[in-house]
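Please open the structure in your viewer and set the display to cartoon, with side chains available on selection. The tour below proceeds stop by stop, stating at each one what to select and what is found there.

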Amino acid sequence: MRPEFGHGSSSATDRRLNALLRHLSSSSSPMDSRDSISASPTSGFQNDSVFSHVVRGPEDPILGVTVAYNKDPSPNKLNLGVGAYRTEEGKPLVLNVVRKAEQQLVNDRSRIKEYLPIVGLAEFNKLSAKLIFGADSPAIRENRITTVQCLSGTGSLRVGAEFLAKHYHQRTIYIPLPTWGNHTKVFNLAGLSVKSYRYYDPATRGLNFQGLLEDLGSAPSGAIVLLHACAHNPTGVDPTLDQWERIRQLMRSKGLLPFFDSAYQGFASGSLDADAQSVRMFVADGGECLAAQSYAKNMGLYGERVGALSIVCKTADVASRVESQLKLVIRPMYSNPPIHGASIVAAILRDRNLYNEWTIELKAMADRIISMRHQLSDALRARSTPGDWSHIIKQIGMFTFTGLNSKQVAFMTKEYHIYMTSDGRISMAGLSSKTVPHLADAIHAAVTRVV
Ligand code: PGU
C-alpha cells in the first residue's frame, strides 16, 4: 500500500499529489498499480483502462494531410496541404527580421520570464490594433477598442466566440460556404449555433455575390457573421471593395455583427494596409465588430502561437467592461498567453527599421506565391490540360481552389505523391519552380483519366 496524502480530504492539491504518486508507482511497479487502481482485481489487463471504450478519432482534414505526407517514403512527395510558406528550396522560412528581433531579445539581459497579464503584452496589443485598424483609426484614439493577446488566430476566434456565447444576445453565427474547416468546430464548442451563407460559385469559380446578399439579408437581426478579412480560405476569392461596401451597408442595416478572421494580412496583395481595407471600412462607420488576428503566416510565427482578438465598441466605457469579461474567459482557459512570440512581434512593430524590413520580406513571400500561380498556369497551358484554369491567376492569397474533386485528389496522392486537402485546395506557398512540372503532370493526368 502506498502512502496517501490528506486522508479523507478532497482538496485539489491532495488529489493531484495522489494522482502523481499513482503515476510514479505505476511506472516503477506495474503490479502494484494494477492491484490498487483496477476496479476489479480479476478483470483482464487488456480491458482495465477506464478509457477502454474510447474510439479512435479521425485525423484533422488539414493537419492530417501532413501526418500522411510524413509517412510517405517517396523522394518525389510534395505537401500542398497545410497553408505554410516554403522557400524556392521547399524549406520552411524564418524571416530575417524575426531572427534579428529574437537576437535582440536574447541579448537583453533585463528580460524576465514572469507571467504576462491575463490579456497579454500591453505593447503587443496596442501595436496589433494599429496594424489592423490603421495608425490613424479614430476608434483607437477614442479608446473604443479592447485588444487581448491570444493563442494565434484560432485562439483569438475561440476567445471571441466564448465571449459572444456568454454576453451577446444572438447566439447564431453565419460562416461562408465553404470556409476554413476549423471554424464550425471552434464556434460550436464555444456554444454558438453555426449556419452558413452562400459564398463561392463553383460554376464561375468566383464569388456568389447575389447568394451572399440573399442569405445575409434573410439572417435574423443581430446574428453574428464571420468574414474573412482577405485571402479567403479555401477559395482565394475575395469581394471587391464595392462589394464589401454593399455587404457593409446590408449588415449595418440589419444590425448583423461582423466577426473578422484576419489570418493573412499582407499575404493577399503584399500590402498590409490594402489587406485590412475590409475591416477598416466597417470600423470607419462607427459600428461595432470583432477581429481575430494571426501572425502565423505574415510573420511566419506559426508555432509561436501569437495572435490577438480585438473588440471594437461604441464607447471607451463599454470597451473596458468588455475587456474585464474577456479576462474571465481567458483565465480559466489558459490563464495568460506565452511571452516569446508576442515579444518578437512587438519588437518588429515598434521599430521603424525592423517594420520596413518586415514589409519587404512579406511582399517577397506574397510575390513568390503570385509567381507560382503564373508558373502553374503556364505549365497547364503547355500541356493543353482540358478546362479553364484562369482561376489559378485570379484567386489570391495562399491557396488555389482548383476545382479538382476528391477522387482526382486521391489519384494525385496515390500516383504522384502530391498531398492536398480533399476539397481540391492546394497551398501555392508549398510549390517551387522545381515542383511545378510535377504538379502540372499530376493535374493533367487527374483531369484526363479520373472523372
Ligand atoms: N483562420 C483561417 C482562415 C485560417 O486559414 C487559419 C489557418 C487560421 C484561422 C488559424 O491560424 P493560426 O495558426 O491559429 O493562427 N489555416 C491554415 C493552417 C493550418 C490549420 O488548419 O490550422 C490552413 O492550412 O488552412
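**Stop 1: the ligand**

Begin by selecting the ligand together with R305. In this predicted model, an N or O atom in the side chain of R305 lies 2.8 Å from an oxygen atom of the ligand. Next, display the backbone of G83 and of G153. A polar backbone atom of G83 is 2.7 Å from a ligand oxygen atom, and a backbone N or O atom of G153 is 2.8 Å from an oxygen atom of the ligand. How much of the ligand's accessible area does the protein cover? On its own the ligand has 530 Å² of accessible area, and the protein covers 93% of it. To view the surroundings, extend the selection to the 19 residues around the ligand, of which S152, T154, N233, D261 and S294 are the closest.

**Stop 2: the whole chain**

Zoom out and colour by secondary structure. The chain contains 17 helices and 13 strands. Of its 451 residues, 49% count as buried. Its accessible surface comes to about 21,800 Å², with 55% of that belonging to carbon and sulfur atoms. Among contacts in the chain with a separation of 6 or more, 75% are accounted for by residues 24 or more positions apart.

**Stop 3: the largest nonpolar core**

Select Y295, I348, W358, L376, M412, I418 and L439. These are the residues with the most contacts inside the largest nonpolar core, which has 62 residues. Now add the helices that each supply at least two residues of this core: α4 (96–107), α5 (122–133), α13 (340–350), α14 (352–382), α16 (406–416) and α17 (436–449). Which helix gives the largest share of this core? The answer is α14, with nine residues.

Colour domain 1 (63–94 + 355–449) and domain 2 (115–350) separately. Both domains give residues to this core, so the core lies between them.

Within this region, centre the view on M412. Leaving aside neighbours within four places in sequence, M412 is in contact with L404, H417, I418, M420, L439, A442, I443 and A446. Another core, of 34 residues, lies apart from the largest one; I145, Y199, L216 and V225 are among its members.

**Stop 4: helix α9**

Select residues 209–217, which form helix α9. The buried residues of this helix are F209, G211, L212, L213, D215 and L216. Against which elements do these buried residues pack? Show β4 (193–198), β6 (206–207), β7 (224–228) and α10 (241–254), since they are the packing partners.

**Stop 5: strand β3 and the loop that follows**

Select T172, which lies in strand β3 (residues 172–177). Is T172 buried or exposed? T172 counts as buried because its relative accessibility is 12%, below the 20% cut-off. Not counting residues up to four places away in sequence, T172 touches S193, K195, A223 and I224.

Move on to the peptide bond from L177 to P178, which is cis, with omega near 0 degrees. P178 is located in the loop between β3 and α8 (182–190).

**Stop 6: the loop between β7 and α10**

Select A231 and P234. A231 is placed in the loop between β7 and α10, and P234 is also placed in the loop between β7 and α10. The phi angle of A231 is near 50 degrees, a positive value in a residue other than glycine. A231 is buried, with a relative accessible area of 2%. The peptide bond joining N233 and P234 is cis, with omega about 15 degrees. N233 was also met at the ligand, as one of the closest residues around it.

For a further positive phi value, select R205, in the loop between β5 (200–201) and β6. Phi of R205 is near 50 degrees, and R205 is not glycine. R205 is partly exposed, with a relative accessible area of 26%.

**Stop 7: P386**

Finish at P386, in the loop between α14 and α15 (391–394). P386 is partly exposed, with a relative accessible area of 44%. Which residues does P386 touch, not counting those up to four places away in sequence? They are H444, V447 and T448. Draw a distance from the C-alpha atom of P386 to that of I443: the two are separated by 10.0 Å, although the residues are 57 apart along the chain. I443 has appeared before, among the contacts of M412.

Definitions and conventions
Residues numbered from 1 in each chain as written. Predicted model: local features only at pLDDT ≥ 70, side-chain atom pairs only at ≥ 80, totals over all residues. Heavy atoms only, no water. Core = buried A, V, L, I, M, F, W, Y, C linked by side-chain atoms within 4.5 Å. Buried < 20%, exposed > 50% of the residue type's maximum accessible area, 1.4 Å probe, protein only. Helix = DSSP H or I, 4+ residues; strand = E, 2+ residues; numbered from the N terminus. Domains from an automatic or database assignment. Contact = heavy atoms within 4.5 Å. Near = heavy atom within 4 Å. Polar contact = N/O pair within 3.5 Å; in protein donor to acceptor, adjacent residues only side chain to side chain. Areas by Shrake-Rupley, 256 points an atom, 1.4 Å probe, with all protein chains shown as cover.
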